[in-house]
Amino acid sequence: MIVDIVLQIVKIIVIFAVILTCVAYLTLMERRCLGFFQVRLGPNRVGPWGLFQPIADGLKLFFKEDMTVLHANKFYFILAPVISFVAVLSCFAVVPFAGNAYIIDIPVAVLYLMAISSMGVYGVLLAGWSSNNKYSAMGGYRATAQMISYEIPLALALVGVLILSGSMSIVDIVNSQNGMWYIVKQPLGFIIFLICILAETNRCPFDLYECENELVAGYQTCYSSMKFGLFYIGEYAHIFLACCLITLFYLGGWNGPVLPALAWFFIKVFFCAFCFIWIRATYPRVRYDQLMNLSWKVVLPLAFLNLIVTAVIKVMF
Amino acid sequence: MTIDTLTEKIGEYIKETDTFRDEITVTVDRDVIITVCRILKEDEDCSFDFLSDCCGLDRLPETPRFMVVYNLYSLKHKHRVRIKVPLEEADAEIDSATPVWKAANWLERECFDMFGIRFKGHPDLRRIITPPNMEGYPLRKDFPLEGSETK
Amino acid sequence: MTKKTITLNLGPQHPSTHGVLRVLLELDGEIVVDAKPDIGFLHRGFEKLAEHRTYRQNLVLTDRLDYLAAMSNNFAYVLAVEKLLGIEVPKRAQYIRVALVELQRIASHLFWLGTHAHDLGAMTPLFYALCEREDIMDIFEAISGGRLTPSFMRCGGLAADVDSSFVKNTKKFTDTFSSKVDVYENLLTENPIWKLRTRNVGKMSKEFCINTGISGPMARAAGIEWDLRKSNPYSSYEDFDFAIPTGLQGDVYDCYMMRIKEMRESAKIVRQAVDGLPESDGSPIKAKVNKFPAGEVYHSIESPRGELGFYIVSDGGKSPARLRVRPPSFVNLQGMGELVRGQLLSDVVAIIGMIDIVLAEVDR
């Protein structure tokens with residue numbers, strides 16, 4: 001019994017260490033890739049190929065002055081980054097990296113994911129509201145509207161996957177893709193999922209609630225030091241989570257020939273991350289009303305269509 | 001553009017004309033400035049539809065001290081003319097040209113800001129470049145180059 | 001809570017107000033009800049200072065007006081002074097000047113393109129555009145020693161003659177430039193999001209432009225076929241073959257297309273100017289400057305932002321009695337309040353970008 005608990009705790013620590021390292025290096029990867037896309041070098045001074053850059057960044061953030069704005073609502077102001085951070089990290093509890101490398105495999109993992117990841121918006125909204133700053137508030141409002149609008153088609157797209165796999169356990173979903181990845185069976189669902197997850201993770205072209213050109217830094221305008229750091233890590237962890245989910249739901253998870261399962265998983269995840277960065281380097285940002293139109297008038301009907309067609313095919317064959 | 005055409009159109013208002021380096025300058029009284037502008041803008045042969053610039057001029061110690069200078073351009077005929085209006089220091093006020101060209105809005109505000117020339121009928125005559133609590137008018141000749149000490 | 005709108009201070013320190021522009025926005029949700037631009041944060045008293053400096057010293061000040069197009073400011077100023085003096089500039093100097101200001105126009109438009117795209121969220125074009133701008137800056141540096149503010153022109157000619165390396169470098173630049181513009185266009189012109197963001201935003205009618213005094217690429221985007229280089233040629237512009245692109249709708253997208261096309265045309269002019277550059281006959285590149293006569297002149301050129309004019313009143317002394325700049329971005333910015341009304345907050349950024357302001361020139 002005690003051995004089990006200790007083992008479980010060790011597992012949690014190891015997996016979270018891996019996740020946080022991945023997240024840290026995701027930031028480095030983003031900066032290096034953007035540099036590559038934009039005919040410049042990116043950070044390459046700290047350590048070989050800039051490999052220690054994330055550590056330097058973390059130290060820098062840690063030693064910055066930790067400010068709390070005078071008119072802010074202190075309690076929520078401090079709570080907000082914690083919520084964003086915790087909400088994302090809790091999601092990783094049900095994310096399997098390979099056939100046996102996961103913290104827990106619950107039968108309603110997908111439901112759990114949807115529920116917990118939605119909590120992240122409270123962090124953003126509270127941050128925007130409690131900062132008592134107009135830019136932050138607008139960022140917060142935008143975030144709420146955007147999250148609600150995109151969560152629905154996101155879930156609908158996932159239902160397509162659930163119908164095909166017949167299970168809500170992520171391990172089962174991956175195993176059911178053994179013959180054929182769901183990206184082949186659910187091409188429309190994949191595209192919808194991709195668009196929604198870009199909006200959910202606040203990535204270009206949908207990075208509306210912190211776009212520096214309009215809202216300075218959106219909901220995080222008034223944050224500094226580690227409070228900002230928590231948002232920052234939370235945001236990249238969210239991206240990492242998004243890439244994991246794409247891999248697990250549509251790209252066959254850890255399945256692949258020759259290489260070990262874990263390697264395949266990370267190859268796929270970082271390929272997705274690369275695509276995220278690629279999109280960021282290529283596209284301008286959409287406008288707020290266009291974002292809403294896209295969600296309610298295009299993506300949502302398509303998601304319904306996808307759901308109905310999938311269900312019909314599943315029942316008929 | 002020739003002086004003859006101008007004399008034909010607005011001859012009755014012209015006080016003085018001058019040509020230097022092929023540029024025509026017409027001096028008119030301040031009471032008729034809007035009339036003159038309208039004629040110049042609407043007449044077929046003149047058609048000065050574009051207000052290039054409107055600025056002030058301080059001629060201290062000469063009198064009358066101030067001038068308001070309008071540089072007009074015609075997009076149709078590609079020619080230019082300059083209108084000057086002398087203003088006394090004691091009564092530095094002139095009709096605003098904003099009803100004729102909207103472009104005059106900020107240009108006149110700047111002129112007011114820099115010289116203290118007031119424009120009657122201007123929609124929003126406030127200081128534009130210097131701060132609202134500034135004292136004095138910087139481009140007047142008697143304003144010191146180093147500026148004045150402000151609190 | 002009876003008030004339905006919020007007042008948002010956009011600037012003076014804001015990432016996309018291109019310097020120190022402050023716009024007081026009255027917002028109803030995301031919709032702009034009213035916008036009041038507030039300028040003057042960068043006022044340095046150029047016009048006052050110029051009255052206390054000699055004509056030659058003033059040249060250096062003009063660089064600091066529109067620092068993204070320093071050569072064009074130099075050019076407009078020396079042309080006005082030369083008009084006052086009534087002197088003829090050597091043909092070779094005229095051609096070199098044309099090549100330089102057209103290079104400067106390209107550099108300025110490149111910077112505009114990069115920052116404008118960045119304002120709308122596309123970050124990559126900025127870095128691409130700056131690569132080519134760097135080449136132009138290198139050309140300037142090689143001839144004048146300065147990059148941003150070269151102060152290379154003189155009343156009557158140029159500070160120094162250029163040598164064959166200038167011709168070589170410039171030719172090398174113009175040879176490859178068109179293909180570089182294709183790269184930018186690849187990223188933006190047909191990009192659906194770019195079109196969504198720029199089409200039908202900030203639409204200007206011809207009448208609006210003329211009445212508000214809007215000139216340059218913005219006026220041409222609205223369909224006004226007016227370019228001072230063609231309509232009132234100066235400094236041998238009549239020798240060169242180039243087109244004036246015009247748009248139809250006068251929206252942000254058209255302004256973008258105008259500037260892209262103008263860059264291509266400018267590259268053509270640069271090429272023609274260096275190809276047809278008259279050989280130096282050993283005489284100085286600068287005409288002799290005599291005493292300044294009393295009189296007044298106004299001379300304007302087509303700067304990258306529009307009609308840039310200098311109005312000089314001389315009393316025959318060493319310094320101008322009055323030096324007035326007709327700043328294109330100042331006049332163009334006037335139209336902003338009207339253009340953004342009823343649009344969304346994001347469009348304000350697009351429209352500020354479209355106007356292509358340089359606050360140093362707006363405030364002087």
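Buried means under 20% relative accessible area, exposed means over 50%, and partly exposed is what falls in between. Keep that cut-off handy for the exercises below, and remember that this is a predicted model.

**Exercise 1. Two residues with positive phi**

Task: Work out whether C:R364 is buried or exposed, and classify B:R21 by the same cut-offs.

Solution:
- Start with C:R364, which sits in the segment after α15 (359-363) of chain C. Phi there is near 50°, a positive value in a residue other than glycine.
- Its relative accessible area is 2%, so C:R364 is buried.
- Now take B:R21, in the loop between β1 (14-20) and β2 of chain B. This residue isn't a glycine either, yet phi is positive at about 50°.
- The relative accessible area of B:R21 is 33%, so this one is partly exposed.

**Exercise 2. A glutamine facing another chain**

Task: Find out what A:Q290 is in contact with, once neighbours within four places in sequence are set aside.

Solution:
- First, place the residue: A:Q290 belongs to helix α12 of chain A, which covers residues 288-316.
- Next, check accessibility. A:Q290 counts as buried because its relative accessibility is 11%.
- Then look across to chain C, where the contacts are C:L196 and C:R197.
- Zoom in on the side chain of A:Q290: it reaches the backbone oxygen of C:L196 at 2.9 Å.
- For a sense of scale, go to A:D172. From A:Q290 that is 118 residues in sequence and 37 Å in space, C-alpha to C-alpha.

**Exercise 3. Cis peptide bonds in chain B**

Task: Name the loop of chain B that holds B:P61, then look for cis bonds there.

Solution:
- B:P61 is in the loop between β3 (50-58) and β4. The bond joining B:L60 to B:P61 is cis, with omega about 5°.
- B:P64 also lies in the loop between β3 and β4 of chain B. The bond running from B:T63 to B:P64 is cis too, and omega is near -10°.

**Exercise 4. Two pockets**

Task: Describe what lines the largest pocket, then do the second largest.

Solution:
- The largest pocket holds about 1,200 Å³ of space. Its lining has 41 residues, and A:T27, A:D57, A:F228, A:Y232 and A:Y236 lie nearest the centre.
- Elements of chain A giving two or more residues to that lining are α1 (2-37), α2 (53-63), α9 (212-215) and α10 (225-250). The largest share, nine residues, is from α1(A).
- Sort that lining by class and you get 20 nonpolar, nine polar and twelve charged residues.
- Over to the second largest pocket, with about 720 Å³. It is lined by 32 residues, and closest to its centre are B:E23, C:K83, C:P233, C:Y234 and C:H299.
- Chain B gives two or more residues from each of β2 (23-28), β4 (66-73) and β5 (80-87), and chain C does so from α3 (70-85), α4 (91-119) and β6 (294-303).
- By class, this lining splits into eleven nonpolar, nine polar and twelve charged residues.

**Exercise 5. Nonpolar cores**

Task: Which members of the largest nonpolar core touch the most other members?

Solution:
- The core has 167 residues, and the ones to pick are B:L40, B:Y70, B:I117, C:L25, C:M204 and C:F310.
- The element that gives the most is α4(C), with 14 residues.
- Follow B:I117 as an example. Beyond four places in sequence, the residues it touches include B:F66, B:V68, B:L87, B:I94 and B:F112.
- Another core lies apart from the largest one; it has 78 residues, among them A:C33, A:Y182, A:F206 and A:C243.

Key
Residues are numbered from 1 along each chain as its sequence is written. Chains are lettered from A and ligands numbered from 1 in the order in which they are written. This is a predicted model: local features need pLDDT of at least 70, side-chain atom pairs count only at pLDDT 80 or more; totals for chains, interfaces and linings use all residues. Side-chain values use heavy atoms; hydrogens and water are left out. Helices (H or I, at least four residues) and strands (E, at least two) are DSSP runs, numbered from the N terminus. Buried means under 20% relative accessible area, exposed over 50%, partly exposed in between (1.4 Å probe, protein chains only). Contact means heavy atoms within 4.5 Å. A polar contact is a pair of N or O atoms within 3.5 Å; within protein, one must be able to donate a hydrogen and the other to accept it, and residues adjacent in sequence count only if both atoms are side-chain atoms. On a 1 Å grid over the protein atoms alone, a cavity is a set of points where a 1.4 Å probe fits but cannot get out, and a pocket is an open set with protein on both sides within 12 Å along at least five of seven lines; lining residues have an atom within 4 Å of a point. Grid points are joined across faces, edges and corners, and a volume is the space filled by probe spheres set on the points. Ala, Val, Leu, Ile, Met, Phe, Trp, Tyr, Cys and Pro count as nonpolar, Asp, Glu, Lys and Arg as charged, and the others, Gly among them, as polar. A nonpolar core is a set of buried Ala, Val, Leu, Ile, Met, Phe, Trp, Tyr and Cys residues joined through side-chain atoms within 4.5 Å.
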